[in-house]
Amino acid sequence: SRKTLTAVNPANDQVLGEHEMLDDDQLAEKLNQAREGYAEFRHLPVADRRHRLTALADLIDQHQREIAEIIAHEMGKPFHQGIDETQISSAIVRFYADNLESLLKPQPRQVEGAQKAEIVHDPMGAVLGVMPWNYPLYQVVRFAAPNLAGGNVCLLKHASNVPGCAKYITKLFHDAGFKEGTFTWLPIGSDKVEGIIHDPLVCGVTLTGSYEAGRSVAKIAGDAIKPSVLELGGIDPLIVLDDADVDKAVELAVNGRFDNTGQSCAASKRLIVERPVLERFTERLIDRVQKLTIGDPMDGDTEIAPMSRKDLRDDLHDQVQRAIQQGAQLETGGEVLDRPGAWYAPTVLTNVAPGNPAFDEELFGPVASVIVADDAEHAIELANNCRYGLGGTVVGQDVKRAEQVARRLEVGMSFVNQPTTPFAELPFGGVKESGYGREQSEYGFGAFLNVRTVYIA
Ligand code: NDP
């Protein structure tokens with residue numbers, strides 16, 4: 001019997017559908033289609049690539065509601081947040097559509113002895129994207145748009161719990177003119193990834209997901225001498241300085257921590273608060289979190305929806321319990337909600353410090369951890385006491401001072417008075433164990449292209 005991917009609605013445990021996985025022959029056939037697709041697509045005039053990208057952005061805009069609904073059903077994202085996801089996604093596609101001609105323009109250089117010397121960007125093959133379920137559209141677009149802009153073709157290995165999203169997204173790419181072979185969804189398990197990376201057609205792999213998955217894929221890519229880009233999450237700090245407007249700081253912290261029901265790589269997972277404002281901040285935070293509207297992902301006023309999977313919810317609960325056993329104080333939440341589905345109560349832990357699981361581990365769900373800092377120096381020290389380094393936010397009314405603090409964070413993205421937010425024009429990515437390489441902006445463009453030197457004597 002053939003293996004299937006099963007989509008389950010995490011709001012009520014209902015099975016949404018079964019999608020057949022590829023067997024080995026079908027996978028080989030898909031890779032051959034991609035080989036043929038690449039042979040053709042790499043020669044497509046740049047203007048045609050631009051038209052298709054523009055068509056894709058338009059299709060995403062036109063199908064916002066359908067996309068947000070599938071995402072809500074398959075991984076539980078509140079519908080209105082799914083609409084937001086479609087908007088950043090189409091913005092990224094449009095960025096590459098609007099800029100690909102200038103990004104691809106040959107760059108002449110004056111070099112000794114050359115009548116002509118220039119740098120050009122050529123495609124290299126198929127890029128494999130191993131993608132997670134938390135932003136099922138945005139993550140895919142983030143890797144696919146710059147590669148298609150540059151003439152590479154894309155192979156998508158999406159997370160096993162979002163096959164309906166993968167199928168719908170693939171149809172959007174196909175309808176925009178990126179046909180099977182140019183954009184190809186591979187409904188496979190992660191056990192097939194190694195063989196695909198070793199296929200001569202594949203020129204690189206990009207993965208967004210856990211540290212463990214990233215490590216495994218990067219090892220295989222290293223073995224195959226192929227480039228990789230890794231975006232592996234973080235335990236990002238949000239520092240509240242002593243001059244912060246406390247109400248505003250609480251609002252930013254709640255948005256930064258509880259958006260997407262806490263399941264974002266760059267969520268504000270450690271709230272590091274200067275002592276003079278600790279009490280007021282914590283009191284208001286607890287009050288605000290207790291008032292978060294827990295509800296069906298499709299309801300317009302829902303702020304907290306189910307987590308994406310029960311196993312991940314259970315892992316989170318285990319982390320919370322270990323955090324409490326090791327000295328964290330539970331202020332609210334901290335429990336599995338007694339109903340079908342993957343629900344977890346929005347939670348606030350205080351008295352969190354280095355050595356505690358809520359400080360040292362990534363809590364991928366609706367749990368805010370409050371950490372006290374003696375002063376701004378101590379806050380920076382605490383923030384940088386972390387194996388990850390994705391993003392970081394500093395909140396304060398003296399914006400210059402906040403900026404100085406933000407620039408000293410060991411992260412790829414420093415934000416002041418705003419939680420880490422993706423913008424098409426700005427690079428997204430981290431340092432330390434958050435991974436390497438950048439997505440979005442011009443920095444997301446060249447990762448898997450051949451930056452070719454051309455020299456004519
Ligand atoms: P995973 O990292 O396991 O999944 C992400 C993607 O990687 C999926 O497509 C998955 O496939 C694939 N994958 C997993 N293991 C391997 C492997 N060894 N080789 C190749 N591909 C692999 O995340 P989970 O869904 O299991 O979530 C676990 C934790 O990961 C979360 O709690 C969170 O901490 C972190 N995470 C971080 C994200 C981020 O944005 N940086 C996003 C999602 C999760 P499959 O689904 O088939 O297993």
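A polar contact is a pair of N or O atoms within 3.5 Å. That cut-off applies at the first stop of this tour of a predicted model.

**The ligand**

Select the ligand together with Ser 160. An N or O atom in the side chain of Ser 160 lies 2.4 Å from an oxygen atom of the ligand. Next, add Ser 216, which places a polar side-chain atom 3.3 Å from a nitrogen atom of the ligand. Gly 233 also comes to 3.3 Å from a ligand nitrogen atom, in this case through a backbone N or O atom. On its own the ligand has 860 Å² of accessible area, and the protein covers 82% of it. Now extend the selection to the surroundings: 26 residues surround the ligand, and the closest are Met 131, Trp 133, Lys 157, Ser 160 and Ser 210.

**From Gly 233 to Glu 362**

Keep Gly 233 displayed and select Glu 362, with which Gly 233 is in contact. Glu 362 belongs to the loop between helix H12 (357–360) and strand S14. Its side chain reaches the backbone nitrogen of Gly 234 at 3.1 Å. Apart from neighbours within four places in sequence, the contacts of Glu 362 also include Leu 232, Ile 235, Cys 265, Lys 269 and Gln 319.

**Strand S14 and its partners**

Proceed along the chain from that loop to strand S14, residues 367–373. Of its 7 residues, 6 are buried, so the strand is largely enclosed by the rest of the structure. Colour strand S11 (residues 270–274) next; S11 and S14 run parallel and are joined by 5 bridges. Within this pairing, Leu 271 stands opposite Val 370. Strand S13 (residues 347–350) also runs parallel to S14, with 3 bridges between them. Here Val 348 has Ala 368 as its bridge partner.

**The sheet of six strands**

Move now to an open sheet of 6 strands with mixed pairing, whose order is S7-S6-S5-S8-S9-S19. Strands S7 (183–185) and S19 (435–436) stand at the edges with a single partner strand each, so one side of each has no neighbour in the sheet. Inside the sheet, select S5 (residues 126–130) and S8 (residues 202–208), which pair in the parallel sense over 5 bridges. Leu 128 faces Val 205 of S8 in this pair. Then display helix H1 (residues 24–41), which packs on the sheet and touches S6 (153–157) and S7; its direction makes about 155° with that of S6. Helix H6 (residues 163–175) likewise packs on the sheet, touching S6 and S7, and its direction makes about 160° with that of S7.

**Helix H13 and Ala 383**

Select helix H13 (residues 376–384), which contains Ala 383. Is Ala 383 buried or exposed? Its relative accessible area is 5%, and the limit for a buried residue is under 20%, so Ala 383 counts as buried. Beyond neighbours within four places in sequence, Ala 383 is in contact with Pro 237, Ile 239, Arg 270, Ile 272 and Leu 409. For a distance across the model, pick Thr 6 as well: Thr 6 and Ala 383 are 377 residues apart in sequence, and their C-alpha atoms are 39 Å apart.

**Two positive phi angles**

Finish with two residues to inspect for backbone geometry. Asn 417, in the loop between strands S17 (413–416) and S18 (431–432), has a positive phi near 55° although it is not glycine. Lys 432 lies in strand S18, and its phi is also positive, at about 50°, in a residue that is not a glycine. At 37% relative accessibility, Lys 432 counts as partly exposed.

Key:
Residues are numbered from 1 along each chain as its sequence is written. This is a predicted model: local features need pLDDT of at least 70, side-chain atom pairs count only at pLDDT 80 or more; totals for chains, interfaces and linings use all residues. Side-chain values use heavy atoms; hydrogens and water are left out. Two strands pair if DSSP finds at least two bridges between them. Helices (H or I, at least four residues) and strands (E, at least two) are DSSP runs, numbered from the N terminus. Contact means heavy atoms within 4.5 Å. Axes are lines fitted to C-alpha atoms, for helices over the stretch in contact, and angles run from 0 to 180 degrees between N-to-C directions. Buried means under 20% relative accessible area, exposed over 50%, partly exposed in between (1.4 Å probe, protein chains only). A polar contact is a pair of N or O atoms within 3.5 Å; within protein, one must be able to donate a hydrogen and the other to accept it, and residues adjacent in sequence count only if both atoms are side-chain atoms. A residue is near a molecule or strand if one of its heavy atoms lies within 4 Å of it. Accessible areas come from the Shrake-Rupley method with a 1.4 Å probe; for residues, only the protein chains shown count as cover.
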